[in-house]
Amino acid sequence: MPHAATLEELSSHIAAIQKVPGQLLEDAAPEVDLAGLRCIAQQLLELSRERRLAAKVSVSWPRAAVAVLLALGALITWIPALSYNFNGGFFMDDAMIKKNPNVYEELNWLRLFRTDYWGLDMFQGEWTHKSFRPLTVLSFRWNHALAGFEGSGFHVVNVLLNWVCSVLMGVLGFALGLPADFALLLGALFLAHPVHTESVLYIVGRADLLCLLLILVAALLYTPCVKELQPGFLLLPLSAVLMVAAGLCKETGFCFFGLLAGWEILGGLLTSWRRGRVLRILAMLLLGSLACGLRVWYTGTAIENMDPHSNPIAVHVDRGVRLRSYALLHGIYMKLLVFPNFLSYDYSFDAIPLVLDASDCRLLLPLVAYQGFFMLLALSLSVLHPHKQASEAPIVGMAILLLSFVPMSNILFPVGTMIGERLLYIPSAGLLLTVVSLVFSWKRRNSGAALLCIAGALGIWRCAVRVPEWKDSESITTADGLTQLNSARVQFNLANVYLQAKQYDLALDTYQRSINIDPTDHDALPLYHAGQILFFKGQHQEAARYLEKAVNGFFSPLTIQEEEIWHDYALSLWFVQKPQASIAHFQKALSINPTFTKASQLGNPTNIAMNNMACAAGLGAITGILPREYYQHAINALDQAVRLDPANVLYWRNAVALMSGGGDESRAAATWQQLVAMDPQGAANPPKDCSWEFYFR
C-alpha cells in the first residue's frame, strides 16, 4: 500500500488532474498509463475502506464503561416490577384483561377477530374503541393460561419485553454505523427513559412493547437489503410479515412499511439506483398500502360514542380551538420526551384546559416543539453522506419518530385520549436514535456524550422514583391523585381508594372535587358514588339528587352497568317518599338486565333488585301508600329471587315479613317452617319488617 507521503503526493496530483480540461484528457489518453492509474485508484479505495472500518470499530472504552453502568443502573430500577402482580387490584387493566372473554374463556377465533382490545364487539356494540390488536390479546391469553391472574407473570413479561427492546435499540444503532460505545449508550438511554414506566407497568401498554419489538426486528432483518448485501427474496417478505404482526399488536405498526420503503429510497439517493432496489421499493409500498387499506376497511378509524372526558378537544365545536389545543398536546408530548419530570397515568378532562384564545401563552410550548423538530430534521439531513459513518442513522430515527407520532397526534383522526404517556414508547425510540447519532456526528462528541450520560443518570433517578408508584392500584392512584388535581378521572379514582378504605367523608370530598371539575355534570360515576355515600349516611334527599344526575350522565359499559345506577336511584326515591317512581325505576333496572345481581360485602352475588323492589312494593301496599295489587307483585318478586338463590336466608325472611304484614298468616307460617328446616340456627324469631339490601360498588 502507498505510504502517507506518497498519498499526499497522489492527492495533489489528483487535484491537478481534476483541473485539466476534459478535451485535453481525451487527447492525452493514448499516452497515459491507465492501468497504473486504475491500480492506484484501487489501492486508495482499499485503504479508504480499511480506515473506515478501523474508525467504525474504534471505541472509547471509558465511554463504553459509563454506558454499561447506565444500562445496569436502569436495569436495576426495573427489577422491583418483576414481583408486582394483580393482588393489589387491577389498575384499569380489568376491562382489557380480566373482563375480556378472549383472555380467559375458551378460544373463539370469530369472537377474537370481531372484538376490540377491550373485548367489545366492533360491529354491533354500542361503544367500541376500534383498537383491533388480536396478537396482544393472545399474549394476555398465554399469560393467563400459564398462571391465571395470580402471580407476577403479566408484569414479568412486560419488563422482559422492555429489556429486549432496549437491547434491540442498541443493535439497530450499531447496524446503522454507530460504534459499540454509542450503541450501548443508545440502549441504556432507552432503558432509562422514565416515560416508559406507564407502557411497561400498565399492563395494556404491552401493545406498544410488542409493536416496537417487531418493528426493530423487521428493520434489522431488512438492513442487508438496504445495504445491497442481499437481493431481498427472503428478507423482504419476512420483514413484511413482521410489520403486519406489529400492526396486529398495535395499529401504528402498519405505518412502518413506510420506514422500510423510505430507507430504501435513502439508500438509492446515497449510493445507487439498481433494479433490485426499485423493485423492493415498489413491493414494500404496495404491501404497506394493502395492509393499511385492509386495516382501515375492516374496522374504520372513528371511535363509536367517544367519551368527551377522555378527549374533550375532539368534541369541541370550534375548529380553531381544536387546532390550538391539539398543538398544545404536541408541545406537552415533546416535554414528556425531553423533560419527563411530571408524570401521570391520566390527562383527561380538565387536566389540560382547552386553548380558547390564540393569545394563550401555553402555545409557546408547541412552537418550541415544532422548531426543535425541524432543527433535528435539518441536522439529520445535513450529516447525510454516502461515505460518512452512521450518517443515515439520524434520518432513520426521525422517520421512526414521525411515523409513530402522526397516528397519535389527532392530525389524521381523533384518538381516544388527550395525552397517553404509553403512546410515546415508540416515538422515544426514534428521538433517541436521532439525538445519539447526531452527537456521534458532532465534532465535540465527547462533550455531547457526557451530556447524554448526565441525562441518562437523571432518567434512572426518575425511574427509581416512578416504578414503585406503580406497585399496585392503590399506590399509583394515590400518588397521581395527590399531584394531578385537575383531572376529574384521577380525582374520581382517588376517591374510590378512600371509599374502599371506608374513609367515607374523605371519599365524598374527593368525589365532590371530581364533580366540581366538570360543571356540566357529564360523568355519571362520581355522581353515582357520591350519591351512594350520601344514601349510606342517611342524607336521602341529597342522595336522590346526585343519583338523578347520574342516570342522565355518561358512563362506559367497561366500568359500570347501567342497571346499577337505576337501581340505587330507585332505592333513594323510596326513602324520599316517592314509592311509585321507586317501583318504576326498579323495574327499569330489571328491564335492562332481568338477572341483575350485585356483589355483597362478602363478594357473593345477590338478587338485590328483586329483593328491594319486593320490599318497596310490599311495604307500600301494606301501608296503603301503594295500591293493594302491589302486594302480589312483591311476593312474586321474592319468589323469583328465592328460585334464583334458594340458599339466601334474607329473601326467605323478607317473604315471611311481607306475608305476615299482608295478613297472609298461613303462607307466612309455611314459609317460616321451610326456613327453619333449611337454617335452624339462622331462624331465631319470625321477622317483623322487610330488610333492604345496599352495597357499595
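How many helices and strands are there in the chain? The chain of this predicted model holds 31 helices and two strands. The legends below describe the whole chain and then a series of close-up views.

**Figure 1. Overview of the predicted chain.** Of the 697 residues of the chain, 52% count as buried. Contacts between residues at least 6 apart in sequence were also considered, and 70% of them join residues at least 24 apart. The unreviewed UniProt entry lists a "transmembrane region" at residues 61-81, 160-191, 203-223, 279-298, 326-343, 363-384, 396-417 and 423-442.

**Figure 2. Two of the spans that UniProt lists as "transmembrane region" in an unreviewed entry.** Residues 160-191 are 88% helix and 0% strand, and the C-alpha atoms at the two ends of this span lie 11 Å apart. Residues 326-343 are 72% helix and 0% strand, with end C-alpha atoms 19 Å apart.

**Figure 3. The packing of helix H4 on helix H10.** Two packed helices are described by the angle between their axes and the distance between the axes. Helix H4 covers residues 61-78 and helix H10 covers residues 180-192; their axes are 8 Å apart and make an angle of about 20°. An angle under 35 degrees counts as roughly parallel, and H4 and H10 are therefore roughly parallel to each other. The crossing in which H4 passes H10 is left-handed. On the H4 side, the residues in contact are Arg63, Ala64, Ala67, Val68, Leu70, Ala71, Ala74, Leu75 and Trp78. They meet Asp181, Phe182, Leu184, Leu185, Ala188, Leu191 and Ala192 in H10. By class, this contact has 14 nonpolar, no polar and two charged residues.

**Figure 4. The packing of helix H25 on helix H26.** The axes of H25 (residues 540-551) and H26 (residues 562-574) come within 9 Å and cross at roughly 150°. Because angles over 145 degrees count as roughly antiparallel, H25 and H26 are described as roughly antiparallel to each other. H25 passes H26 in a left-handed crossing. From H25, the residues Ala544, Leu547, Glu548, Ala550 and Val551 take part in the contact, and from H26 the residues Ile565, Trp566, Asp568, Tyr569 and Ser572. The contact of H25 with H26 has seven nonpolar residues, one polar residue and two charged residues.

**Figure 5. Leu401 and its surroundings in helix H18.** Leu401 belongs to helix H18, which spans residues 393-405. Is Leu401 buried or exposed? Its relative accessible area is 10%, and Leu401 is buried. Apart from neighbours within four places in sequence, Leu401 is in contact with Phe373, Pro427, Gly430 and Leu431. The C-alpha atoms of Leu401 and Ala429 are separated by 7.3 Å, although these residues are 28 apart along the chain.

**Figure 6. Val406 and Asn410 in the loop between H18 and H19.** Val406 lies in this loop, which leads to helix H19 (425-441). Val406 is partly exposed, with a relative accessible area of 23%. Leaving aside neighbours within four places in sequence, Val406 is in contact with Ile411 and Leu412. The C-alpha atoms of Val406 and Thr252 are separated by 9.2 Å, and the two residues are 154 apart along the chain. Asn410 is found in the loop between H18 and H19 as well. Phi of Asn410 is near 70°, a positive value in a residue other than glycine. Asn410 is buried, with a relative accessible area of 8%.

**Figure 7. The cis peptide bond from Phe349 to Asp350.** The omega angle of this bond is near 5°. Asp350 is placed in the loop between helix H16 (319-338) and helix H17 (364-382).

**Figure 8. Lys502 and the span listed as "repeat: TPR".** In an unreviewed entry, UniProt lists residues 488-521 under this name. The span is 79% helix and 0% strand, and its end C-alpha atoms lie 11 Å apart. Lys502 is in the loop between helix H22 (488-500) and helix H23 (504-517). Lys502 is not a glycine, yet its phi is positive, at about 60°. With a relative accessible area of 61%, Lys502 is exposed.

**Figure 9. Thr671 in helix H31.** Helix H31 covers residues 665-678 and includes Thr671. Thr671 is buried, with a relative accessible area of 9%. Beyond its neighbours within four places in sequence, Thr671 is in contact with Trp652, Ala655, Val656 and Met659.

Notes: Residues are numbered from 1 along each chain as its sequence is written. This is a predicted model: local features need pLDDT of at least 70, side-chain atom pairs count only at pLDDT 80 or more; totals for chains, interfaces and linings use all residues. Side-chain values use heavy atoms; hydrogens and water are left out. Axes are lines fitted to C-alpha atoms, for helices over the stretch in contact, and angles run from 0 to 180 degrees between N-to-C directions. Helices (H or I, at least four residues) and strands (E, at least two) are DSSP runs, numbered from the N terminus. Angles under 35 degrees count as roughly parallel, over 145 as roughly antiparallel, 65 to 115 as roughly perpendicular and the rest as oblique. A crossing is left-handed if the near helix is turned anticlockwise from the far one by less than a right angle, and right-handed if clockwise. Contact means heavy atoms within 4.5 Å. Ala, Val, Leu, Ile, Met, Phe, Trp, Tyr, Cys and Pro count as nonpolar, Asp, Glu, Lys and Arg as charged, and the others, Gly among them, as polar. UniProt positions are given in the numbering used here, feature names are shortened, and annotations may be inferred rather than shown by experiment. Buried means under 20% relative accessible area, exposed over 50%, partly exposed in between (1.4 Å probe, protein chains only).
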